[in-house]
Every structure is written in C-alpha cells, then in structure tokens.
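Visitor: Could you take me on a close look at one strand of this protein, and at whatever surrounds that strand? I would like the partners, the packing and the contacts in one connected account.

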Amino acid sequence: MTTLKDMTKPNKARSILIVEDETSLNEAYQIILANAGYDILSAFDGKEALKIVSETKPDIILLDLRMPIMDGIAFLKEYKPTDKRTKVIVFSNYDMQKEIEEAYELGAHKYILKAWASPKELLKLVKDTLEE
C-alpha cells in the first residue's frame, strides 16, 4: 500500500507556494507537502503571495481563488512569472466555472475542487504537474 510519505519523493527539493486564506487548510497542505519532501512557502492572500514570488521562484503555486485582500484572479492578473517553469494550480471549495475559465486564460495550469482532493490526490496532482 502506498503511503503519503511514499507518494512523492522528489530527487531534489522542489518548492511549492501555498496561497490559502483558511489557516487550517494552509497548515494541512504544508504538512502533507513537507512530509513528501517539498520545500514549502506559504501566503494567506494574493498580495502576500506576490511579495513572495518577487523574491523566490517556486516550482508550483497552489492558489485559492477566493481570498480576502487579493483573490486568486487578481493575483494571476498581476503575477508576472520570471521563470516559465513555475506552474499554477488553482483550487476552491466552490464550483466557480467563470473564474476557473478566467484563471486558465491568465495562465493557470490545473484546477482542483478542494472538497474532492484527498491528500493522496493532492500529492499525485503536484507530482504529475512537476513532471509535465
């Protein structure tokens, strides 16, 4: 049986920026991904995330669409990746078809509905995205 720790063991530590305003979810994603061997950066809104990406180049940005201060769409409108290898995965607890389509138009690579994403599925999505 595959465990969470076995799901993803990157050869070289890859970095993931988690942009999630709900503290408990942000912390849960940090634990899941850190236990899988990833370097973790964390922000609680799009404005804070923009500051982080201006100083670092994460391999993946896990971006919540609904957040206070600056939501995921506003972040994507301002985000100018300096490294084209950075992939953006947007997620939400809501089925927001219009916003999801806009996120794709603004450069998002994938979308996942938080309510349906188990830790194992999250790790698989991250691993698959890094391998693209």
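Guide: Let's begin with I18, whose bridge partner in β2 is S42. This is a predicted model, in which local features need pLDDT of at least 70 and side-chain atom pairs count only at pLDDT 80 or more, while totals for chains, interfaces and linings use all residues. Residues are numbered from 1 along each chain as its sequence is written, and side-chain values use heavy atoms, leaving out hydrogens and water.

β1 and β2 run parallel to each other, joined over five bridges. Strands pair here if DSSP finds at least two bridges between them; the elements themselves are DSSP runs numbered from the N terminus, helices being H or I of at least four residues and strands E of at least two.

How enclosed is β1? Five of its five residues are buried, so the rest of the structure largely encloses β1; buried means under 20% relative accessible area, exposed over 50%, and partly exposed in between (1.4 Å probe, protein chains only). S15, L17 and V19 point one way, whereas I16 and I18 point the other. In a regular strand, side chains alternate between the two faces of the sheet.

Zooming out, β1 belongs to an open sheet of five strands, ordered β2-β1-β3-β4-β5 with parallel pairing. The edges are held by β2 (39-43) and β5 (110-113); each has a single partner strand, so one side of each lacks a neighbour in the sheet. From one strand to the next, the twist averages 20°. Towards the β5 edge, β4 and β5 pair in parallel over four bridges, with V90 opposite Y111 in β5.

Against this sheet packs α3, which touches β1, β2 and β3 and whose direction makes about 140° with that of β2; axes are lines fitted to C-alpha atoms, for helices over the stretch in contact, and angles run from 0 to 180 degrees between N-to-C directions. Buried in α3 are G46, A49, L50, I52 and V53. These residues span an arc of only 165° around the axis, which places them on the same side of α3; the arc is taken from the directions from the helix axis to the C-beta atoms. K47, K51, S54 and E55 are exposed on the other side of α3. Among what covers the buried residues of α3 are β1, β2, β3 and α4.

Back in β1, L17 touches L41, S42, A43, A49, I52, V53, P58, I60, I61 and L62, not counting residues up to four places away in sequence; a contact is heavy atoms within 4.5 Å. L17 also sits in the largest nonpolar core, where L17, V19, I61, L63, F75, V88 and V90 touch the most other members out of 22 residues. Such a core is a set of buried Ala, Val, Leu, Ile, Met, Phe, Trp, Tyr and Cys residues joined through side-chain atoms within 4.5 Å. Its largest share, four residues, comes from α3.

Finally, look at S15: the side chain of D59 reaches its backbone nitrogen at 2.8 Å, a polar contact, that is, N or O atoms within 3.5 Å, where within protein one must be able to donate a hydrogen and the other to accept it, and residues adjacent in sequence count only if both atoms are side-chain atoms. D59 lies in the loop between α3 and β3, and at 17% relative accessibility D59 counts as buried.
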